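This report looks at one residue and its surroundings, and then at one pair of helices. Please read it alongside the sequence and the structure shown here.

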Amino acid sequence: MAKEGKGNLSGRAYPLLPLRGVLVFPHIVVPLEVGRDKSISALDEAMQKDRILVLATQKESKQDDPSPEDLFDMGTLVQIKQVVKLPGGTVKVVVEGLERARIEEYLQSEPHFCVRVRPLLEDELPQTQEVEALMRSVVNRFEQYVRMSKKHQAEALVGLVGIDNPGRLADTIASQLPIRLEEKQEILSLGEPFRRLEKVNNILHREMELLELEKRINNRVRKQIEKSQREYFLREQMKAIQNELGDGEDQVSEIDEYREKIKQCGMPEEAAQKAMREVDRLQKMPTMSAEAVVVRTYLDWMVSLPWQVETEDHLDIERAETILDEDHYGLTKVKERISEYLAVRKLAKNMKGPILCLVGPPGVGKTSLAKSIARALERRFVRVSLGGMRDEAEIRGHRRTYVGALPGRIIQGIRQAGSRNPVFLLDEIDKLTSDFRGDPAAALLEVLDPEQNHNFSDHYIETPFDLSNVMFITTANSHYNIPRPLLDRMEVIHISSYTEEEKVEIGKRHLVPKQLQAHGLQAQRVRISEKTIREIVRRYTREAGVRNLERELAAICRKAAREIASNPEQTVRATVQNLPRFLGVPRYRYGLAEKESEVGVATGLSWTENGGDLLPIEVSLMKGSGKLILTGKLGEVMQESAQASLSYIRSRATRFGIDEEFYEKMDIHVHVPEGAIPKDGPSAGITMVTAIFSALTNRPVRHDVAMTGEVTLRGRILPIGGLKEKVLAAHRAGIQVVILPEENHKDLEDIPNSVKRRLQFVLVNNIDEVLENALAEPLPFAHGFHPTASQTSVTERMIS
């Protein structure tokens with residue numbers, strides 16, 4: 001029997017903390033999280049007094065602000081053991097149950113509940129045989145429950161050791177059972193220990209039966225799965241028997257389909273044998289097993305590859321040239337190379353596919369040229385971008401041991417083309433990178449080697465595939481970034497910058513019609529003249545290709561479309577005069593590179609991945625101790641050129657009438673503008689000599705002269721590269737005279753005649769000839785020194 005207490009806890013008023021979905025039994029330590037204002041207020045009052053608190057569970061856990069009617073009248077007196085404040089205003093509190101307590105009266109509701117309770121004290125239950133037997137039964141059943149249940153661990157039994165009180169045993173086990181809250185409240189409300197223990201025993205019996213039922217259901221499911229597998233094997237046996245009896249001939253199985261496809265796709269014998277072995281493996285596997293899915297994917301790739309499928313080349317040379325001329329203006333070398341390939345292919349039937357590398361600045365049509373080549377040959381076209389690729393498996397594929405493995409981009413491209421002789425474009429080959437996963441450039445060595453690619457091995461298909469009939473075309477902005485072994489396997493064709501005339505023709509023939517069509521405009525409603533295109537090239541773009549030109553034409557079409565949409569009867573004309581209305585103020589100054597000749601400023605020529613450009617070099621003299629200051633983010637080679645230039649002038653100081661001790665009295669500062677851009681190379685040597693000489697002799701350098709060439713300590717001029725791009729840059733900037741090394745005379749053949757007619761070329765062998773033609777005033781010669789015969793005849797080697 002339980003009786004109402006009359007001790008220190010009896011009849012007192014205590015703060016009450018409502019609980020949601022939780023119930024605390026006596027003698028049980030429980031952590032709680034408190035977040036409601038009323039609950040925190042009740043907790044604070046208890047902490048200020050004797051740490052005693054009443055916990056009562058809500059009947060409905062969804063209510064945030066319960067009333068007294070929403071709480072059970074039987075709760076638990078607890079003692080607060082620990083309080084920890086958490087971020088967000090919540091409090092974590094650890095409490096230990098003391099006694100059951102019946103709520104007799106609610107004394108207040110704000111700022112928290114305060115109640116008067118009557119604790120329920122338990123009588124000592126005599127240890128009769130019946131009580132002992134019931135306690136043993138409950139403990140044994142709980143041990144069996146813990147072993148059968150996956151929700152409890154063996155540590156749950158440790159808390160029962162040493163408990164000889166029936167009521168406490170019932171409370172301890174009830175607190176660990178996953179039963180409904182109402183049942184736990186019912187156990188809490190039972191004051192008599194024996195009845196409480198009987199209630200827990202009944203609940204354990206019920207939970208054991210539920211666990212047994214779950215176990216039987218799981219066994220039945222497992223047996224069903226085993227039965228399905230058994231039925232699968234029986235069906236396979238039945239299928240074999242039917243095939244033997246001739247009853248299954250009308251049904252073509254998946255295995256038969258694969259075998260038929262392998263025979264029809266024309267695989268080499270080695271590949272066919274491997275595919276057949278995989279089909280035999282698939283036949284022995286369960287239909288829905290993971291390994292079967294992998295094998296099916298592999299067989300699908302094998303039978304879908306064009307082992308023997310190829311398109312027939314259209315070997316009409318005149319037609320191919322017509323198509324290339326329709327799509328691209330200029331690019332004579334590439335067109336000649338394609339015509340040569342067609343001619344040889346017409347004579348030699350078994351010729352291997354060429355491997356071309358188109359190197360040129362952005363926007364000159366490298367990628368679109370590959371498409372035109374495929375159209376001219378009537379081959380299928382595949383493009384793979386290599387920019388940023390850093391995994392070797394992207395080329396060779398992944399091995400089938402990996403989940404989600406696939407062939408590499410080469411085999412994927414061949415399957416996409418549907419033939420084994422497509423035009424295969426490997427775009428941006430100079431942008432390849434490498435990391436811990438391998439070097440894709442090394443994997444391309446086999447792909448782009450005509451002596452090896454007839455047996456290209458992909459890690460996924462694990463059998464050789466013939467790539468010798470594929471016409472590989474790669475593109476790059478610079479061949480310096482391509483690994484040398486890879487570059488050695490390709491035929492490099494340099495595509496130089498477009499001249500002004502070429503840009504105008506490309507704009508007139510291709511870009512304007514393309515943009516008019518893209519913007520839904522008609523040619524008779526939007527007029528863009530040739531003079532307008534030339535003005536855009538001169539004053540709104542400065543590039544090697546025509547991408548910016550296309551963007552500017554697109555801007556004109558957008559504004560024209562807006563005007564025509566407002567007034568459908570209007571005709572828009574873009575002229576030189578109203579061009580700023582469409583494109584804004586001109587961005588570049590067309591004409592002379594410099595407005596007037598200056599002392600210490602010489603114009604050089606440079607070559608970059610984007611084409612040629614002007615390279616002005618400035619020299620300033622200051623009082624000092626002979627330091628040579630170099631700025632403009634110059635590379636090591638360019639710094640050495642500046643030092644060699646100064647050494648040459650010092651060695652010829654007397655000859656040029658310069659104070660021999662000038663380097664001891666002043667500092668020389670050489671600066672190349674646009675200091676954020678790295679610059680390097682020896683071709684600015686004669687420009688540096690001219691600029692330093694101009695500053696020391698106070699003689700201006702002609703503003704209409706540009707120069708390029710490497711200089712030695714003896715004053716000899718050595719040849720340079722990238723001549724065509726540099727000359728085109730000088731032509732774009734309005735330079736009139738270009739000074740070049742004599743040995744670059746042969747390279748002038750690559751320069752278009754339209755550019756040659758507008759420029760004067762001076763070929764030089766030594767620095768004296770450079771100074772004679774670059775300075776605006778006569779060259780000073782001291783002590784009666786006069787130019788040699790080779791110097792006086794320099795004008796005879798001018799090419800106008």
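## Basis and terms

Buried means under 20% relative accessible area, exposed over 50%, and partly exposed in between, with a 1.4 Å probe and protein chains only. This is a predicted model, in which local features need pLDDT of at least 70 and side-chain atom pairs count only at pLDDT 80 or more, while totals for chains, interfaces and linings use all residues. Residues are numbered from 1 along each chain as its sequence is written, and side-chain values use heavy atoms, with hydrogens and water left out.

## R337 and its neighbours

R337 counts as buried because its relative accessibility is 14%, and this residue is found in helix α10 (residues 332-347); helices are DSSP runs of H or I with at least four residues, numbered from the N terminus.

Not counting residues up to four places away in sequence, R337 touches P354, L356, E491 and I493, where contact means heavy atoms within 4.5 Å. With E491 there is also a side chain to side chain polar contact at 2.7 Å, a term for a pair of N or O atoms within 3.5 Å that, within protein, must comprise a possible hydrogen donor and a possible acceptor, residues adjacent in sequence counting only if both atoms are side-chain atoms.

## Helix α25

Seven of the eight residues of α25 are buried, namely I767, D768, E769, V770, L771, N773 and A774. N766 caps the N-terminal end of α25, with a side-chain oxygen 3.1 Å from the backbone nitrogen of D768.

In the packing with α22, the residues I686, V689, T690 and F693 of α22 meet I767, V770, L771 and A774 of α25.

Notes. Helix = DSSP H or I, 4+ residues; strand = E, 2+ residues; numbered from the N terminus.
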